[in-house]
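Reader: Please show me the model. I want to ask how its labels were earned.

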Amino acid sequence: MLSLRLDPPSGRAPRVLCLGAHADDLEIGCGGTVLQLLRAYPAAHFHWVVWSGNETREAEARDAATRVLAGAGRADVSVERFRDGFFPDQWAEIKAGFEAIKALGRPDLILTHHRADRHQDHRVIAELTWNTWRDDLILEYEIPKFEGDLHTPNLYVPLDRATVDRKVDILMTGFASQRERVWYDAETFRGLMRIRGVECGSPSGYAEGFHAPKAVLT
Ligand SMILES: [Zn+2]
């Protein structure tokens, strides 16, 4: 299969915007991809935004983001305090937050939730992403959950074994508050990456899957 490669801007570091509703969403959905992006583009600038979190979850989010983004040319991490589970009721305030991020400059790549995600908070972030950035590359990551809302991705990032291990280690050691959830374990995370690896023929057997509703091929 012919692979597509990112075409980063010349003369400056690529800018990547990562958007997650809750503390662990970005690590679950695209942690491996970000780790590999960093290896390919060490000078890259990352803006990592988590839209909710109490004191405990904020600390976890910041600690895990620091581990994922270690070595980045620049890493700006922000954790907002919107009420978990009630994002649709806070739409206008969250939208204002998106506009503030937009004013900072155009990202080259945006990683966000999937618009068909059944979690209301995830969906708000996905919808506001498309509402805010209209001419930028947006990739939607996936989060396994009780509702069973996974779709077949149309874009895959094969991950090497070391990256898979690193991602799972960060998820399992970085979010103590989530460990009591029955689904939150290494098998869930490895299992989904293994399935996506099968689907894209990843040499390691593992991958992350994304939805790319729009892309331009030149
Ligand atoms: Zn979430």
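Author: What follows is a set of short questions and answers on cysteines, the metal site and empty space.

Author: This is a predicted model, where local features need pLDDT of at least 70, side-chain atom pairs count only at pLDDT 80 or more, and totals for chains, interfaces and linings use all residues. Residues are numbered from 1 along each chain as its sequence is written, and side-chain values use heavy atoms, with hydrogens and water left out.

Reader: How do you know how many disulfides there are in the whole structure?

Author: A disulfide is a pair of cysteine sulfur atoms within 2.5 Å. The search finds 0. Cys18 is in none, as the nearest cysteine sulfur, in Cys30, is 5.4 Å away. For Cys200 the closest cysteine sulfur is also in Cys30, at 16 Å, which is too far for a bond.

Reader: What makes Cys18 buried or exposed?

Author: Buried means under 20% relative accessible area, exposed over 50%, and partly exposed in between (1.4 Å probe, protein chains only). Cys18 has 0%, so Cys18 is buried.

Reader: Which atoms are called donors of the zinc ion?

Author: Donors are N, O and S atoms within 2.8 Å of the metal (3.2 Å for Na, K and Ca); water is not among the atoms, so sites may look incomplete. His22 gives ND1, Asp25 is listed twice with OD, and His122 gives NE2. They lie 2.0 to 2.4 Å from the zinc ion.

Reader: Why is the site of the zinc ion called irregular?

Author: Four donors are tetrahedral if all angles lie between 85 and 135 degrees; four are square planar and six octahedral if opposite donors are over 155 degrees apart and all others between 65 and 115; anything else is irregular. Here the 4 donor atoms make angles of 56 to 133°. The site is therefore irregular.

Reader: What does the pair Asp25 and His122 tie together?

Author: Asp25 lies in helix 1 (residues 25-40) and His122 in helix 4 (residues 120-132), so the pair joins parts 97 residues apart in sequence. Helices here (H or I, at least four residues) and strands (E, at least two) are DSSP runs, numbered from the N terminus. Both Asp25 and His122 are buried.

Reader: How do you know how the lining of the largest pocket divides by class?

Author: Ala, Val, Leu, Ile, Met, Phe, Trp, Tyr, Cys and Pro count as nonpolar, Asp, Glu, Lys and Arg as charged, and the others, Gly among them, as polar. The lining has 30 nonpolar, 7 polar and 11 charged residues. A pocket is an open set of points on a 1 Å grid over the protein atoms alone, with protein on both sides within 12 Å along at least five of seven lines; lining residues have an atom within 4 Å of a point.
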